[in-house]
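Reader: I have a model open and want to learn to read it. Where do we begin?

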Amino acid sequence: MWALVPCAGTGSRAGAEGPKQYAPLGSQAMVMHTLRALAAVERLAGIQVVVSPGDDYFAAAPRITGAPVFVAACGGATRASSVFNGISAVLNQGAQPDDWVLVHDAARCLVTPADVNRLIDACQDDAVGGLLALKLPDTLKQERAGRVCATVNRGDKWLAQTPQMFRIGALQAALQMAGEAVTDEASALELAGLSPKLVEGSAQNFKVTYPQDFALAEAVLAARCAASS
């Protein structure tokens, strides 16, 4: 069982100087929080990070204890292409097509080992696999020309999170068929006619996307640090 972390984004929406995954949160870069949480999951054989060609951040990054971290400079122009290329890197590390891979956003830096283990427990005997997700908590509006045109029933709506856990071979084939337009791995499996399992996640497992998200992530990390001291 492997983790795959696409880390080739530019972070243009975050307002950070350079890729947002390397922006500081507390005493370390955002991506290091992500990797430390994954490395603490004992069932992972390794973590494959996918960076852009020429990205040398990890040459001098702090070492992480736990599951070994491997870095491949094979990131593509889209998330889908980075994950697809990363799967080849995982297979080159000795993984097999029937092994599970958990794809996780580098910018979901507040994920916990408990979150990941809950997903593994729920999906390891499933025929398809699944993803962490959160039931939509707010009223959902549909917009037309800047105004509300309908209120959408939220009863069956979920916000997709990561990790997303699928068999390596099945995910590779689904991504190859779906192309680069899909924005998460579950979408590729859905296009292949499969129905991934929804596993309840955590509101704290949000993706740091906009400038204001950094302050919220730092507040959560500070609260966790205070609780553990």
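Author: Start with strand pairing. Two strands pair if DSSP finds at least two bridges between them. This is a predicted model. In it, S6 and S10 pair in the antiparallel sense, over four bridges.

Reader: Which residue in S10 stands opposite Val 101?

Author: Phe 166.

Reader: How many bridges join S7 to S10?

Author: Six, and these two strands run antiparallel. Here Ala 133 faces Ala 160 of S10.

Reader: Now helices. How do I read a helix with a buried side?

Author: General idea first. An α-helix has 3.6 residues a turn, so residues three or four places apart point the same way. Now take H3, residues 113-123. Its buried residues are Asp 115, Val 116, Leu 119, Ile 120 and Cys 123. They cover an arc of only 135° around the axis, which puts them on the same side of H3.

Reader: What do the buried residues of H3 pack against?

Author: One helix and several strands. The helix is H1 (30-39). The strands are S6 (100-103), S7 (129-135), S10 (158-167) and S11 (197-200). S10 is the strand that pairs with S6 and is joined to S7.

Reader: Which residues of H4 are buried?

Author: H4 spans residues 168-178, and Ile 168, Leu 171, Ala 174, Leu 175 and Ala 178 are buried there. Their arc around the axis is only 135°, so they sit on the same side of H4. Gln 176 and Met 177 are exposed on the other side.

Reader: What does the buried set of H4 pack against?

Author: Helix H2 (79-92), S6, S10 and helix H5 (185-191). Check the end of H4 as well. Just after H4, Gly 179 takes a positive phi of about 85°.

Reader: Let me try a single residue. Is Thr 162 buried or exposed?

Author: Apply the cut-off: buried means under 20% relative accessible area. Thr 162 has 2% relative accessibility, so it counts as buried. This residue lies in strand S10.

Reader: What does the side chain of Thr 162 make a polar contact with?

Author: The side chain of His 104, at 2.7 Å. Leaving out residues up to four places away in sequence, Thr 162 touches Arg 79, Val 103, His 104, Asp 105, Arg 108, Leu 132 and Asn 205.

Reader: How many disulfides does a search of the whole structure find?

Author: Zero. The test is a sulfur pair within 2.5 Å. For Cys 74, the closest cysteine sulfur is in Cys 7, 12 Å away, which is too far for a bond.

Reader: How do Cys 74 and Cys 123 count by accessibility?

Author: Cys 74 has 22% relative accessibility, so it counts as partly exposed. Cys 123 is at 0%, so it counts as buried.

Reader: Finally, the whole chain. How do I judge its compactness?

Author: Compare the radius of gyration with the globule rule. For this chain the radius is 17 Å, close to the 17 Å that the rule gives for 229 residues, so the chain is as compact as a globular protein of that length. The C-alpha atoms fill a box of roughly 50 × 40 × 35 Å along the principal axes. The chain holds six helices and eleven strands.

Reader: What share of the residues is buried?

Author: Buried residues make up 45% of the 229. Look at contact range too. Among contacts between residues at least 6 apart in sequence, 70% join residues at least 24 apart.

Technical notes. Residues are numbered from 1 along each chain as its sequence is written. This is a predicted model: local features need pLDDT of at least 70, side-chain atom pairs count only at pLDDT 80 or more; totals for chains, interfaces and linings use all residues. Side-chain values use heavy atoms; hydrogens and water are left out. Buried means under 20% relative accessible area, exposed over 50%, partly exposed in between (1.4 Å probe, protein chains only). The arc is that of the directions from the helix axis to the C-beta atoms. Contact means heavy atoms within 4.5 Å. A polar contact is a pair of N or O atoms within 3.5 Å; within protein, one must be able to donate a hydrogen and the other to accept it, and residues adjacent in sequence count only if both atoms are side-chain atoms. The radius of gyration is taken over C-alpha atoms; the globule rule is 2.2 Å times the number of residues to the power 0.38.
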